[in-house]
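Me: I am new to this structure and would like a close look at one part of it, the helix that holds a charged pair. Please take me through that part slowly, and then show how it sits within the chain as a whole.

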Amino acid sequence: YKVNRMTSKAKRVVTELFNLFMSETNTLPDEWQSVGETAIDALPESARARVIADYIASMTDRYAILEHERLFEPGPILR
């Protein structure tokens, strides 16, 4: 059950990050807000999803958890 709980938590972290980045692309780091000369908002939804999925896939577990905390946990804005 411990492994299932950790797996469930990891799924929630990744899903919540993906949904936030899809709906609020301005929360992505600057270098991920465009593809070449094209702003990520101007891309078709499937292409935007691919870019965001690639960004999340590039994260380490520790970084993904820290990013999730920064974006979803109440507390100091600047960390």
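Reply: A helix here is a DSSP run of H or I that is at least four residues long, and helices are numbered from the N terminus. With that in hand, and bearing in mind that this is a predicted model, we can turn to helix α3, which covers residues 61-72 and in which Glu67 and Arg70 stand 3 residues apart, so that about one helical turn separates them. The side chains of Glu67 and Arg70 meet in a salt bridge, with a distance of 2.7 Å from N to O.

Side chains of opposite charge can pair when their charged atoms come close. The two partners in helix α3 are covered to unlike degrees: Glu67 has a relative accessible area of 8%, and since buried means under 20%, Glu67 counts as buried. Arg70, at 33% relative accessibility, counts as partly exposed, because that value lies between the limits of 20% and 50%.

Helix α3 also holds His68, and at 10% relative accessibility this residue counts as buried, because 10% is under the 20% limit. When its neighbours within four places in sequence are left aside, His68 is in contact with Val13, Glu16, Leu17 and Glu73.

A second pair can be set beside this one, since the count of salt bridges comes to 2. The side chains of Arg50 and Asp54 meet in a salt bridge at 3.2 Å, again from N to O. Both of these residues lie in helix α2, residues 45-57, where they are 4 residues apart, or about one turn of the helix. Asp54, with a relative accessibility of 35%, counts as partly exposed.

Stepping back to the chain, its secondary structure comes to 3 helices and 2 strands, and reading along the sequence gives the pattern α-β-β-α-α. The C-alpha trace spans about 45 × 30 × 20 Å along its principal axes. Of the 79 residues in the chain, 25% are buried, and the accessible surface comes to about 6000 Å², with 55% of that surface belonging to carbon and sulfur atoms. If one takes the contacts between residues at least 6 apart in sequence, 50% of them join residues at least 24 apart. As for charge, the chain carries 10 positive and 12 negative side chains, and the centres of these two sets lie 13 Å apart.

Definitions and conventions:
Residues numbered from 1 in each chain as written. Predicted model: local features only at pLDDT ≥ 70, side-chain atom pairs only at ≥ 80, totals over all residues. Heavy atoms only, no water. Salt bridge = Lys/Arg side-chain N within 4 Å of Asp/Glu carboxyl O. Buried < 20%, exposed > 50% of the residue type's maximum accessible area, 1.4 Å probe, protein only. Contact = heavy atoms within 4.5 Å. Areas by Shrake-Rupley, 256 points an atom, 1.4 Å probe, with all protein chains shown as cover. Lys, Arg positive; Asp, Glu negative; His and termini not counted. Charge placed at Lys NZ, Arg CZ, Asp CG, Glu CD.
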